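This report describes the model shown below. It treats the ligand site before the sheet and its packing.

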Amino acid sequence: MTPAIRPLVAGNWKMNGTGGSLAELSAIAAGLSSDLGQKLDAVICVPATLLSRAAETLVSETIDLGGQDCHVKESGAHTGDISAAMLKEAGASHVIVGHSERRTDHHETDELIRAKTETAWKAGLAAIVCVGETAAERQEKRTLEIIGRQLLGSLPDNVRNDTTVIAYEPVWAIGTGQTPTADDVEKVHAFMRSELIARFGSEGAKLRLLYGGSVKPANAVELLGVSNVDGALVGGASLKATDFLAICEAYRIL
Ligand SMILES: O=C[C@H](O)COP(=O)(O)O
C-alpha cells in the first residue's frame, strides 16, 4: 500500500512582483504557520530578482522558495540566463522546468527539459516538471498522447519523489478561467500515474502530481479532491496571499 502523499501547493508568480510584493509572501508564510501548514507543503516561485530578499524575509520555515526556470548549463556565456546554482544560492529549493509558456515562447523541447531537470538536481534543486496539451491538441483528442510523450520525454531515468514533482497544466486553462472537468483531470492524472509506475516502479507511485490552470479558491476543493491530484501549481491566484491561502484551505476539508 503506497503511503499517502503529502500535498504540495506551489505558486508561480511569473513575471510579476517587485519589493513591495514581499508583503504578500510574508502573509502567505504567516498563514501557513498555523495548523494549516501542517497539512501541506508550499513553494512560491518568485521572479529570480526577488529570491534573495524573499529568503531573507522568510524567517519562518513554513514555505519554500522556487525559481521559474534555469539554464541547462551549469555556467558560461549565456547572457541574461540564470543557472540552477544561482537559484540555489539565492535561497531556492525548487525550480519549475518546462512551463508551457517556455515550451511555447522559447521553443523548449522535452529533451531540453529533461536535461534542465538533471541540471537542477545537480545543483540541489527539486524540479517541478510541467506537461500539458494545447487547445488544438485537445480538440484533436490527443491529450493523453501528448501528455505521455512529454511526461516520459522530459524525465531523466532516476526520478525520486524528493527531487521531482510533475505538474499537469492544460495550456488552454492557463490564465483563462477555464478548467477541465474533475472527470477529465482524473483521467489525465490516472494516466500519468500509470505511466510513471510503469517506468519508475514504486518511485512513480510516490511522485506528487500537481494540477495547474486557473486554480482559484472557488474550484480548489473540487480540483484538489480528484484522485491522483497531490496539489496545485497556481499562477494568478498566488499573487494575493488571501487567494493562495484560500486554496490551501481546501486541505482542511480533503
Ligand atoms: O504556473 C501556473 C500556471 O501557469 C497556472 O496559471 P493560472 O493559475 O494563472 O492559470
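## Polar contacts to the ligand

In this predicted model, a backbone N or O atom of Gly236 is placed 2.9 Å from an oxygen atom of the ligand. Gly175 likewise contributes a backbone N or O atom, at 2.7 Å from an oxygen atom of the ligand. For Lys14 the approach is through the side chain: one of its polar atoms lies 2.8 Å from an oxygen atom of the ligand. Each of these pairs falls within the 3.5 Å cut-off for a polar contact.

The ligand taken alone exposes 310 Å², and the protein buries 96% of that area.

## Composition of the ligand shell

There are 13 residues around the ligand, and those that come nearest are Lys14, His99, Glu169, Gly175 and Ser214. Lys14 and Gly175 thus belong to this nearest group; Lys14 reaches a ligand oxygen with a polar side-chain atom, and Gly175 does so with a backbone N or O atom.

By residue class, the shell comprises seven polar, four nonpolar and two charged residues.

## The barrel

Eight parallel-paired strands close into a barrel, in the order β1-β2-β3-β4-β5-β6-β7-β8. Between neighbouring strands of this sheet, the average turn is 25 degrees, direction ignored. In general, the strands of a sheet pair through backbone hydrogen bonds.

Strand β1, residues 8–12, pairs in the parallel sense with strand β8, residues 231–234, over four bridges. Within this pairing, Leu8 stands opposite Gly231 of β8.

## From β2 to β4

Strand β2 (residues 41–45) runs parallel to strand β3 (residues 64–67), and three bridges join the two. Cys45 stands opposite Gly66 in β3. On the β4 side, Gly66 stands opposite His94. The pairing of β3 with β4 is also in the parallel sense and extends over two bridges.

## Helix packing on the sheet

Which strands does helix α5 touch? This helix, spanning residues 110–122, packs on the sheet and touches β4 (94–97), β5 (126–131) and β6 (164–168). The direction of α5 makes about 165 degrees with that of β5.

Note on methods: Residues numbered from 1 in each chain as written. Predicted model: local features only at pLDDT ≥ 70, side-chain atom pairs only at ≥ 80, totals over all residues. Heavy atoms only, no water. Near = heavy atom within 4 Å. Polar contact = N/O pair within 3.5 Å; in protein donor to acceptor, adjacent residues only side chain to side chain. Areas by Shrake-Rupley, 256 points an atom, 1.4 Å probe, with all protein chains shown as cover. Nonpolar A, V, L, I, M, F, W, Y, C, P; charged D, E, K, R; others polar. Pairing = 2+ DSSP bridges. Axes fitted to C-alpha atoms, helices over the stretch in contact; angles between N-to-C directions. Contact = heavy atoms within 4.5 Å.
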